[in-house]
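Please find below my notes on the model, set out as numbered points. They move from the whole chain to one sheet and then to two individual residues.

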Amino acid sequence: MSGWIRRSVFAFASASFVIGAGIAPLLAEETDADRSMATAAWWQLGASVAGLGGLIATLVISIAANRTATRALIQSESTSRKELRAYLSVAPAGVHRMKRVEPRIIGQIALQNVGQVFATKVKMVVKMRVSADRNLADFPVDEDTAENIGTVHPGAVVRRGADEGAPPPEKPARGTKTYIYVWGCIWYNDGFDKERRHTEFCHRYNVASRLPGTGFIIEPEKARYHNHGPNEAD
């Protein structure tokens, strides 16, 4: 009996060993597979995070590039406007005696559009004064009283005289000087901006620079831009 029990126990133990030996590799294999799956999952997660990071970086770079391109476009547009807009300049055109019943002298100016587009809604005021003061500083202008010129096309030159002349000045006494001031302002639209542009000017002539003879003529090149007067533009 006891022998049979011993043989039965031995057989059960042997069978258990065989089954255990067969199952152990399977368990070990399953564990390695799980680990491989977990590792693959972590790698996939890392790749996804890296891809998301790359996408965000690309998006940030695209936004920055778009902003840079927008700024460049705005700057280019502003530069183009500055290069193409109308610019009205005013040059001295001398002083001449007008032959009327009562002779008078008139200061002249030459208005020119040195820009690339039409100057529109142009208005102009031109005034003059004879004075012994070389440092005269009072030069009032008023757009409400300005002459309506209209439109000045690119390259055009418009000549105008002062709205009121003056009697020809006498020859200055020894040791004294007499000056003729021609000043005014031009208002206009430059073809792009709604804001009104303007050009102020003030030219000074020394009466002693008049040409000799019976007439009264001072040539344009004798003019000086008066440093106490308005000579500016926008």
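1. Buried residues (under 20% relative accessible area, against over 50% for exposed and in between for partly exposed, with a 1.4 Å probe and protein chains only) make up 27% of the 234 residues in the protein chain. The surface that the protein chain exposes comes to about 15,500 Å², of which carbon and sulfur atoms supply 59%; accessible areas come from the Shrake-Rupley method with a 1.4 Å probe, and for residues only the protein chains shown count as cover.

2. On the basis of the note: this is a predicted model, in which local features need pLDDT of at least 70 and side-chain atom pairs count only at pLDDT 80 or more, whereas totals for chains, interfaces and linings use all residues. Residues are numbered from 1 along each chain as its sequence is written, and side-chain values use heavy atoms, with hydrogens and water left out.

3. The protein chain holds 1 helix and 10 strands, these being DSSP runs numbered from the N terminus (H or I, at least four residues, for helices; E, at least two, for strands). Read along the sequence, the pattern is α-β-β-β-β-β-β-β-β-β-β. Among contacts (heavy atoms within 4.5 Å) between residues at least 6 apart in sequence, 71% join residues at least 24 apart.

4. An open sheet is formed by 4 strands in the order E5-E2-E1-E8, with antiparallel pairing; two strands pair if DSSP finds at least two bridges between them. Its edge strands are E5 (157–161) and E8 (217–218), each of which pairs on one side only.

5. Within this sheet, strand E1 (residues 88–98) and E2 pair in the antiparallel sense over 9 bridges, while E2 (residues 104–113) and E5 pair in that antiparallel sense over 5 bridges. Gln 112 in E2 is the bridge partner of Ser 89, and the bridge partner of Gln 112 in E5 is Val 157. Ala 110, in turn, stands opposite Arg 159 in E5. Strand E2 is mostly covered, with 8 of its 10 residues buried.

6. Is Arg 85, in the loop between helix H1 (2–84) and E1, buried or exposed? Arg 85 counts as buried because its relative accessibility is 6%. Its side chain makes a polar contact of 3.0 Å with the side chain of Tyr 188, and the side chain of Arg 85 also reaches the backbone oxygen of Asp 234 at 3.1 Å. A polar contact is a pair of N or O atoms within 3.5 Å; within protein, one must be able to donate a hydrogen and the other to accept it, and residues adjacent in sequence count only if both atoms are side-chain atoms. Leaving aside residues up to four places away in sequence, Arg 85 touches Gly 115, Gln 116, Val 117, Tyr 188, Asp 190, Phe 192, Arg 197 and Asp 234.

7. Asn 206 has its place in strand E7 (residues 197–206) and counts as partly exposed because its relative accessibility is 22%. The side chain of Asn 206 reaches the backbone nitrogen of Ala 208 at 3.0 Å. Not counting residues up to four places away in sequence, Asn 206 touches Lys 177, Thr 178, Tyr 179 and Ile 218; the C-alpha atoms of Asn 206 and Ile 218, 12 residues apart along the chain, are separated by 8.6 Å.
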